[in-house]
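The following note collects points for a colleague's review of the model shown here. Please read the numbered paragraphs beside the coordinates.

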Amino acid sequence: PPPPNVAQLPSFTSQHIVETLYSDSKRERAIITVDDTGDYRIIVQWWDTSDWAAGHGARWWGHGSDSHTDSIERARDLAAEALRCLPHHDA
């Protein structure tokens, strides 16, 4: 399977990406977004190659966390914690 595509970033309705933090392997990431009200949110994703052998390609997969805050510093802390809590998806 291909290595993680760190150039591929998602888009979110009514939110803008502020920062993206990656695990050491680059197979997991936490995306910090902010909306027009100043609410920062964390989206956690992992590089999914589980269907590679079946011919379905590789893709970023994940979900938003329940964490949100009004401070970029706190958002960074929450993103780092989310990365530490993700199961490792190394192939």
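1. Strand β3, residues 40-48, is mostly covered, with eight of its nine residues buried. Buried denotes a relative accessible area under 20%, exposed over 50%, and partly exposed in between, for a 1.4 Å probe and protein chains only. Strands (E, at least two residues) and helices (H or I, at least four) are DSSP runs numbered from the N terminus.

2. On provenance, this is a predicted model, in which local features require pLDDT of at least 70 and side-chain atom pairs count only at pLDDT 80 or more, while totals for chains, interfaces and linings use all residues. Residues are numbered from 1 along each chain as its sequence is written, and side-chain values rest on heavy atoms, with hydrogens and water left out.

3. β3 has pairing partners in β2 and β4. Seven bridges join β2 to β3 in an antiparallel arrangement, and within it I32 stands opposite I42 of β3. β3 also pairs with β4 (residues 59-69), again in the antiparallel sense, over eight bridges; here R41 has H68 of β4 as its bridge partner. Two strands are taken to pair if DSSP finds at least two bridges between them.

4. The hairpin of β2 and β3 has five residues between the strands, and G38 in that hairpin takes a positive phi near 85°. Most residues other than glycine have a negative phi. Two non-glycine residues merit inspection on this account: S14, with phi near 65°, and K26, with a positive phi of about 70°.

5. S14 lies in the segment before β1 (16-22). With a relative accessible area of 56%, S14 is exposed.

6. K26 belongs to the loop between β1 and β2 (28-34) and counts as partly exposed, because its relative accessibility is 40%. Apart from neighbours within four places in sequence, K26 is in contact (heavy atoms within 4.5 Å) with P4, V6 and W60. From K26 to D48 the sequence separation is 22 residues, and the C-alpha to C-alpha distance is 12 Å.

7. Which residue of the loop between β1 and β2 should be set beside K26? S23 is also placed in that loop, yet S23 counts as buried at 12% relative accessibility. Beyond neighbours within four places in sequence, S23 is in contact with E28 and L83.

8. Overall, the secondary structure comprises one helix and four strands, in the order β-β-β-β-α along the sequence. Of the contacts with a separation of 6 or more, 43% link residues 24 or more positions apart.

9. As to dimensions, the radius of gyration, taken over C-alpha atoms, is 14 Å, which agrees with the value near 12 Å for a compact globule of 91 residues; the globule rule is 2.2 Å times the number of residues to the power 0.38. Along the principal axes, the C-alpha atoms fill a box of roughly 45 × 25 × 20 Å.

10. Buried residues account for 32% of the 91 residues. The accessible surface is about 5600 Å², of which carbon and sulfur atoms contribute 49%, as computed by the Shrake-Rupley method with a 1.4 Å probe, where for residues only the protein chains shown count as cover.

11. The mean positions of the 8 positive and 14 negative charges are 4 Å apart. Lys and Arg count as positive and Asp and Glu as negative, with His and the chain ends not counted; each charge is placed at NZ of Lys, CZ of Arg, CG of Asp or CD of Glu.
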